[in-house]
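User: I should like to learn how to read the sheets, the packed helices and the ligand shell of a model. Could we proceed one feature at a time?

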Amino acid sequence: MTVPIQASILDQADEIGLGPLGTVERTQLGDGAWVDLLPNWVACAQELFESLYRAVPWHAERRRMYDSMVDVPRLLAFYDEHDPMPHPVLERARAQLTAYYARDLGEPLCTAGLCLYRDGGDSVAWHGDTVGRGAQEDTVVAIVALGAQRPFLLRPRGGGSSLRYAIGHGDLLVMGGSCQRTWEHAVPKTSKRVGPRISIQFRPRDVR
Ligand SMILES: O=C(O)CCC(=O)C(=O)O
Ligand SMILES: [Fe+2]
């Protein structure tokens, strides 16, 4: 009689899903900034990667850099707070993160920014997410990394050595406190042969 129950447990392990957040590990960075890490938060992360790779309407952007327009070195998609997400597990991730970070945040995580790094030539340069509240106040930006592992770097804004987090394959990294205004983050280019990477950034309303 226990067979069907065991089978259903096995089925669940075969599905895209999320673990509990209780085992997140926090590192205080100084200056009121912190970073939380939870390896392998997403179960069946490769399937989620493949689903998003196919289903998301990825687009290229160009941005002004001094006097010229340059290609943004990654593909992008943005889901505003009422937009249907490209996979239901992203709605669940947002709800779970909102509940877990309620005290740090005082407002829900609303938007999902998605980036597709096609290969090692794609990157994001040093920056803080300082549009909106992040420039003046503490906030939370939660990143789920799927696909190839790439170094995610953090460095203090005033200068100093950088910290390196090798994230991918369903890992969760959360920047909080003053992190967006006192620290910067980047995903550097690499000449190593690396496969594609997708990141999902959950942010509160108006933070970019
Ligand atoms: O892809 C990542 O892990 C980071 C992306 C990022 O920092 C941003 O879009 O603001
Ligand atoms: Fe960022």
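User: Which strands form the open sheet of four, in what order, and is the pairing parallel or antiparallel?

Analyst: Please note at the outset that this is a predicted model. To read a sheet, one follows the pairing from strand to strand. Here the order is 9-14-11-12, with antiparallel pairing, and the sheet is open. Strand 9 (124-127) and strand 12 (163-167) are the edges; each has a single partner strand, so one side of each lacks a neighbour in the sheet. On average, neighbouring strands are turned by 15° against each other, direction ignored.

User: How many bridges join strand 11 and strand 14, and which residue is the partner of Leu153?

Analyst: A pair of strands is read through its bridges. Strand 11 (residues 150-156) pairs with strand 14 over four bridges in the antiparallel sense. Leu153 has Ala186 of strand 14 as its bridge partner.

User: What is the strand order in the sheet of seven, and which strands are at its edges?

Analyst: The same reading applies. Seven strands are arranged as 2-3-13-10-15-8-7 in an open sheet with antiparallel pairing. Strand 2 (25-30) and strand 7 (75-79) are the edge strands, each pairing on one side only. From one strand to the next, the twist averages 20°. Within this order, strand 10 (residues 141-147) and strand 15 (residues 197-204) run antiparallel and are joined by six bridges. Leu146 stands opposite Ile198 of strand 15.

User: Which strands does helix 2 touch, and which does helix 3 lie across?

Analyst: For a helix on a sheet, one notes the strands in contact and the angle between directions. Helix 2 (residues 45-55) packs on the sheet against strand 8 (109-117), strand 10 and strand 15, its direction making about 95° with that of strand 10. Helix 3 (residues 88-100) lies across strand 8, strand 10 and strand 15, and runs at about 125° to strand 8.

User: Which residues surround ligand 1, and which elements give two or more of them?

Analyst: A shell is read first by residue, then by element and class. Around ligand 1 are Gly113, Cys115, Val124, Asp129, Ile143, Ala145, Phe152, His185, Val187, Ser199 and Gln201. Strand 8, strand 10, strand 14 (183-187) and strand 15 each give two or more residues. The shell comprises six nonpolar, four polar and one charged residues.

User: Where does UniProt place the annotated domain, and how far apart are the end C-alpha atoms of that span?

Analyst: An annotation is read as a record and then compared with the model. An unreviewed UniProt entry lists "domain: Fe2OG dioxygenase" at residues 108-206. The end C-alpha atoms of residues 108-206 lie 11 Å apart, and the span is 4% helix and 53% strand.

How values were computed
Residues are numbered from 1 along each chain as its sequence is written. Chains are lettered from A and ligands numbered from 1 in the order in which they are written. This is a predicted model: local features need pLDDT of at least 70, side-chain atom pairs count only at pLDDT 80 or more; totals for chains, interfaces and linings use all residues. Two strands pair if DSSP finds at least two bridges between them. Axes are lines fitted to C-alpha atoms, for helices over the stretch in contact, and angles run from 0 to 180 degrees between N-to-C directions. Two residues are in contact if their C-beta atoms, placed from the backbone, lie within 7 Å. A residue is near a molecule or strand if its C-beta atom, placed from the backbone, lies within 6 Å of it. Ala, Val, Leu, Ile, Met, Phe, Trp, Tyr, Cys and Pro count as nonpolar, Asp, Glu, Lys and Arg as charged, and the others, Gly among them, as polar. UniProt positions are given in the numbering used here, feature names are shortened, and annotations may be inferred rather than shown by experiment.
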